[in-house]
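Okay, thanks everyone, I'll keep this short. Have a look at the model while I put it up.

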Amino acid sequence: MNKYFEKWIIDEIKKTEGVFTAREILDRIIDSKGNSVHIGDAYSATWVCKKHSKRVGRGLFVRR
C-alpha cells in the first residue's frame, strides 16, 4: 500500500454516511481511479478503516 491509496481511503471515509465495509470503500476507489495491483487490497483498506473510523461490528465501520 502506498501513501496515495491511504489518502484515497481516508477521503472515501469522509464522504461516506452510515455503516460501511472496507470492501465497499475499495470498490468505490477502483470505480473512480481504476484497477491496479499497486494501489492495495481489502486487507490494506481494512487496516486504514480501523485506524480512521469506528468499528461497530465484524467488518463494519462508521465514520468518527
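Let's start here: in which strand is V56 found? That's β2, which covers residues 53–57. Keep in mind that what you're looking at is a predicted model. The chain averages a pLDDT of 88, and 94% of the residues score at least 70. Going element by element, β1 has the highest mean pLDDT, 94, while helix α2, residues 22–33, has the lowest, 89. As usual, where pLDDT is low, you shouldn't read the predicted coordinates in detail.

Back to V56. Its relative accessible area is 46%, so we call it partly exposed. Together with V19 and L60, V56 makes a nonpolar surface patch of about 240 Å².

Now, T16. This one is in the loop between α1, residues 3–15, and β1, residues 19–20. Is T16 buried or exposed? Buried: the relative accessible area is just 5%, and the cut-off for buried is under 20%. And what does the side chain of T16 make a polar contact with? The side chain of R28, at 2.7 Å. If you skip the neighbours within four places in sequence, T16 is in contact with I25, R28 and R63.

Last stop, another loop residue. I39 is found between α2 and α3, with α3 running over 42–52. I39 counts as buried too, because its relative accessibility is 9%. For a distance to go with that, the C-alpha atoms of I39 and L26 are separated by 9.9 Å, and the two residues are 13 apart along the chain.

That's me done, over to you.

Note on methods. Residues numbered from 1 in each chain as written. Predicted model: local features only at pLDDT ≥ 70, side-chain atom pairs only at ≥ 80, totals over all residues. Heavy atoms only, no water. Patch = residues over 30% accessible without salt bridge, like charges linked within 9 Å, V, L, I, M, F, W, Y side chains within 5 Å. Areas by Shrake-Rupley, 256 points an atom, 1.4 Å probe, with all protein chains shown as cover. Salt bridge = Lys/Arg side-chain N within 4 Å of Asp/Glu carboxyl O. Helix = DSSP H or I, 4+ residues; strand = E, 2+ residues; numbered from the N terminus. Buried < 20%, exposed > 50% of the residue type's maximum accessible area, 1.4 Å probe, protein only. Polar contact = N/O pair within 3.5 Å; in protein donor to acceptor, adjacent residues only side chain to side chain. Contact = heavy atoms within 4.5 Å. pLDDT = per-residue confidence, 0-100.
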